[in-house]
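Thanks for coming, everyone. I'll walk through a handful of spots in this one, so have a look at the screen first.

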Amino acid sequence: MSPSVCGMFNQLLTALLISSCCVQALRVEVFPRRAMFRLGERQQLVCLVHDCPVMPSVSWTLLGDRPLTGTVNSNSTHSLLTFDPVIMQHEGTLLCKVSCGEETRQSRRSIQVYSFPSAPVITGQEHLRLGVESTLSCQVSDLYPAEMLTFDWLRGDTVLQSIMGESGPDWVQSMYRFKPMKADSGANITCRASLQLDLPAEDQTRETSVPLNLLYAPVVTAISDSVVVMAGSTLTLTCSAEGNPEPLITWNFRMADGRSLPQGQGSQLVIAAVSLSQTGWYECEARNTEGNQTAAVEVTVHAPPINTSISVSPGEEVVEGQQVTVTCRSDGAPPTTLVLKREGAEIQRTDPASSSVLSFSLTSALLEDSAHYQCEASNQYGFQQVTKSITVTAHPLQVQVSPVSAEERGSALVLMCQASGCVHPATLTWRRTDRNQTVLQRTQQHDGLSRLQLQDLDVQDHGGYSCEAECDSILRTRTTEVHIYSLPSDPVLQNPGPVLLGQEMVLHCDVSNVFPANQLKIWWLSGNTTLMSESFPFSGSLQNISSVLRYRVERDQDLTCRAELLTEDGDVWRSRMTSVPLQVHSPPTNTSISVSPGEEVVEGQQVTVTCQSDGAPPTTLVLRRNGAELQRSDASSSSLSFNLSSALLEDSAHYQCEASNQYGAQQVTKSITVRAPPRNTTVLVLPSMVVQEGQNVTVCCRAISFPPSAVVLKKLSNGTELYSLNGTFLLINVTARDSGLYQVNVTNDLGYQVKVFSISVRERSIHLPQSLSNIVIPAVCVAAGLAAAALLLDYLRRSRKKGFYQLAQSAPVSA
């Protein structure tokens with residue numbers, strides 16, 4: 001029997017006991033009081049009849065004229081209604097009506113049914129994509145009532161979303177939309193469904209958790225560094241990538257024409273014996289259903305020279321005057337250095353960084369060009385050499401032309417061409433080699449000599465000239481070069497005037513009518529020090545050149561702009577220069593103040609204070625003492641001297657040296673302390689040096705000194721000593737034994753001063769009235785106090801100047 005049925009019968013038993021104890025009117029009760037039934041289960045309702053002495057008539061009715069689909073069992077005390085199983089039509093208000101004789105009673109009970117048979121089902125977590133908005137679905141089937149269901153989406157204990165469900169034909173679902181991040185991969189997400197009814201916790205809430213499967217395109221996380229290997233060795237490359245689904249890694253070799261040659265699959269590529277042809281870029285491609293990513297690593301294969309060859313065009317046997325080209329080739333890595341030698345003597349060398357082919361031309365082969373030619377290829381791993389022989393057959397025709405000449409613009413030039421070895425006059429033709437072989441002159445002289453006259457040379461005459469000799473259909477050509485130069489005047493360099501120290505100035509150096517501009521070099525010089533040099537691009541016409549120097553000035557100096565026009569060989573054809581002096585101005589610097597013989601002096605010494613400073617224009621120097629001007633220099637001097645012929649205590653002070661010009665000011669300070677031994681010591685005895693027994697005697701001592709002095713009062717007859725902090729001594733109730741000579745000793749580390757005086761104590765003969773002594777003694781004390789206060793104020797005033805008058809200070813009182 002279910003717990004709800006047991007409870008119902010317990011209530012029924014209680015009701016019967018109560019009814020047996022007392023007689024009441026007819027009563028009807030329906031149990032359980034809260035009817036919450038799960039669909040598909042077996043449930044019962046009990047209608048109790050109280051206080052009916054006869055057999056009651058009991059009927060059950062569902063309101064709304066709905067049929068009652070349950071079984072009823074009744075007796076004299078109760079009626080039992082059984083739903084087996086509970087269906088949705090049982091929900092509503094149920095009426096139990098009891099008739100007992102003439103009396104009728106009824107009781108209503110509301111029945112609520114529910115269904116929550118299974119946990120939620122989450123879908124959509126298997127195909128999430130990184131950064132792409134995704135939707136997860138959480139669905140509960142066969143739920144009733146659907147409108148009472150709420151959904152909570154959680155990650156861990158964090159609630160992501162709370163929402164009422166959306167109802168379908170036989171399900172309720174919730175959608176959660178979000179953009180997955182990489183950190184979400186593998187994390188669990190929970191859908192919690194709660195039926196908002198008064199149910200036990202285990203029946204009210206169900207939840208499901210699933211891991212998130214985040215799909216994302218591959219990312220190459222590591223690839224081998226660029227590697228250099230020797231030909232024939234094993235090459236191993238590694239590549240790793242991550243992605244979901246697990247990416248497939250493939251290797252491709254990127255060929256020179258851009259095509260890719262497959263090399264294999266997997267995170268590791270191994271080539272057993274690598275060759276020179278396998279130098280290049282290897283691509284690691286990681287691919288899955290979400291995309292792909294490629295990374296590349298460069299492989300450099302090194303090898304000693306191989307396939308070295310030498311070729312001769314048009315052949316190894318040529319006629320004198322023919323053009324011969326010798327070509328040398330070789331493979332190797334790093335690229336080989338090619339050296340072409342003739343009978344062992346080097347005639348040409350290549351730069352390995354620029355070419356793997358060397359070409360050497362004999363524009364007109366000579367007899368002496370017949371030789372063994374060696375092509376030697378080498379790199380750091382080895383070398384290889386091949387040889388060919390060239391044989392030149394003699395021809396009688398010979399041509400000579402004027403050598404390469406360098407001429408100034410505006411001058412005149414005659415080029416000579418001489419043909420020999422021809423039995424009849426040869427035809428000589430002059431051409432411009434750089435202007436479509438334009439014919440300039442053609443002659444046929446018996447002496448085989450041709451003169452080409454060039455007047456008033458200009459930039460258009462700059463270039464190559466050839467003289468071609470024709471004899472018996474044999475052509476011989478010689479070329480020469482005419483280099484035109486123009487640098488007619490010195491550079492123009494403007495004087496910038498005064499320049500502030502440390503300031504950047506801009507200087508322009510202008511050179512007019514320069515040709516060729518690419519062979520002009522401008523040098524900026526400070527003395528023999530090169531500050532900057534500048535070259536310029538080629539131009540086929542006269543150029544006005546300007547060079548700019550940005551220069552931070554540090555000192556007076558001469559700046560020079562030198563223009564050099566260089567020949568084709570790099571020699572200086574002509575040099576011109578212009579110089580200007582720089583006047584450097586600056587604010588005051590290196591300002592200093594010095595004190596001789598030192599900052600601590602003894603009173604009476606001679607003291608010299610010297611103030612110095614650098615600056616341009618020269619600085620004005622002002623010497624001050626505690627801010628008050630003492631002396632000023634004019635701008636013609638860089639130093640100022642001030643003398644204290646005999647230093648005084650009041651000369652102790654702060655001395656400032658201030659230097660200034662129109663660019664700024666600078667100030668330095670030193671302190672002078674004047675020291676002095678005790679002097680001008682005075683002793684005042686109050687009320688007088690002759691006193692009566694029983695009187696008090698005050699001895700006041702003051703002196704001028706620095707540092708402060710120690711004061712000792714000594715009675716000469718017995719050696720008794722007293723010390724005072726302020727130079728005042730009080731002798732109380734003197735007697736005749738106190739008569740005698742006294743000595744005051746005032747001392748500091750520079751010296752001392754002694755004063756001797758006497759005190760005479762007489763026996764008391766006349767007594768002053770008490771009222772008079774009460775006036776005199778305080779008056780004396782007040783006078784002594786005022787004197788001490790005056791001395792203290794004077795000390796404070798003078799202490800500000802580091803030299804002052806002071807009451808002598810004593811050592812602590814000694815017993």
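So, leaving aside its neighbours within four places in sequence, which residues is Ala365 in contact with? Before I answer, a quick reminder that this is a predicted model. Okay: with those neighbours set aside, the contacts of Ala365 are Val318, Val319, Glu320, Gly321, Gln322, Val324 and Val392.

Where does Ala365 sit in the chain? You'll find it in a loop, the one that runs between strand S30 (357-362) and strand S31 (371-379). And is Ala365 buried or exposed? Its relative accessible area is 0%, so Ala365 is buried. While we're there, take Thr393: it is 28 residues from Ala365 in sequence, and in space the two are 9.0 Å apart, C-alpha to C-alpha.

Ala365 also takes us to some empty space. Rolling a probe the size of a water molecule over the atoms is how you see where such space is left. How many cavities of 30 Å³ or more turn up here? The count is one. The largest cavity holds about 30 Å³ of space. Ala365 is part of its lining, along with Glu320, Gly321, Ser364, Leu366, Leu397, Gln398, Val399, Arg476 and Arg478. Two elements give two or more residues to that lining, namely strand S33 (398-401) and strand S40 (474-485). Glu320 and Gly321, by the way, came up a minute ago as contacts of Ala365.

Next stop, Gln173. Gln173 belongs to strand S15, residues 171-178. Why do I call Gln173 buried? The cut-off is under 20% relative accessible area, and Gln173 counts as buried because its value is 15%. So what does the side chain of Gln173 have a polar contact with? That would be the side chain of Ser137, at 3.5 Å. Ser137 is on the contact list too: away from its neighbours within four places in sequence, Gln173 is in contact with Ser137, Cys138, Gln139, Phe151, Gly165 and Glu166.

Now for some sheets. As a refresher, strands of a sheet pair through backbone hydrogen bonds, and they can do that parallel or antiparallel. Look at the open sheet of five strands, which goes S57-S63-S62-S59-S60 with mixed pairing. Its edges are strand S57 (690-692) and strand S60 (721-723), each pairing on one side only. From one strand to the next, the twist averages 30°.

Let's zoom in on S59. Strand S59 (residues 710-715) runs antiparallel to strand S62 (residues 740-748), and six bridges connect the pair. Which residue in S62 does Leu713 stand opposite? It's Val744. Likewise, Val711 faces Val746 of S62. S59 also pairs with S60, again antiparallel, over three bridges. Here Val712 has Tyr723 of S60 as its bridge partner. S59 and S60 make a hairpin with five residues between them, and Gly719 in the turn has a positive phi of about 80°.

One more sheet and I'm done. This open one has four strands in the order S10-S18-S20-S23, and the pairing is mixed. Strand S10 (128-129) and strand S23 (268-271) are at the edges, where each pairs on one side only. Inside the order, strand S18 (residues 214-223) and strand S20 (residues 235-244) run antiparallel, joined by five bridges. And who stands opposite Ile223 in S20? Cys239 does.

Methods:
Residues numbered from 1 in each chain as written. Predicted model: local features only at pLDDT ≥ 70, side-chain atom pairs only at ≥ 80, totals over all residues. Heavy atoms only, no water. Buried < 20%, exposed > 50% of the residue type's maximum accessible area, 1.4 Å probe, protein only. Polar contact = N/O pair within 3.5 Å; in protein donor to acceptor, adjacent residues only side chain to side chain. Contact = heavy atoms within 4.5 Å. Pairing = 2+ DSSP bridges. Axes fitted to C-alpha atoms, helices over the stretch in contact; angles between N-to-C directions. 1 Å grid on protein atoms, 1.4 Å probe; cavity = no way out; pocket = protein on both sides within 12 Å on 5 of 7 lines; lining within 4 Å. Points joined across faces, edges and corners; volume = space filled by probe spheres on them.
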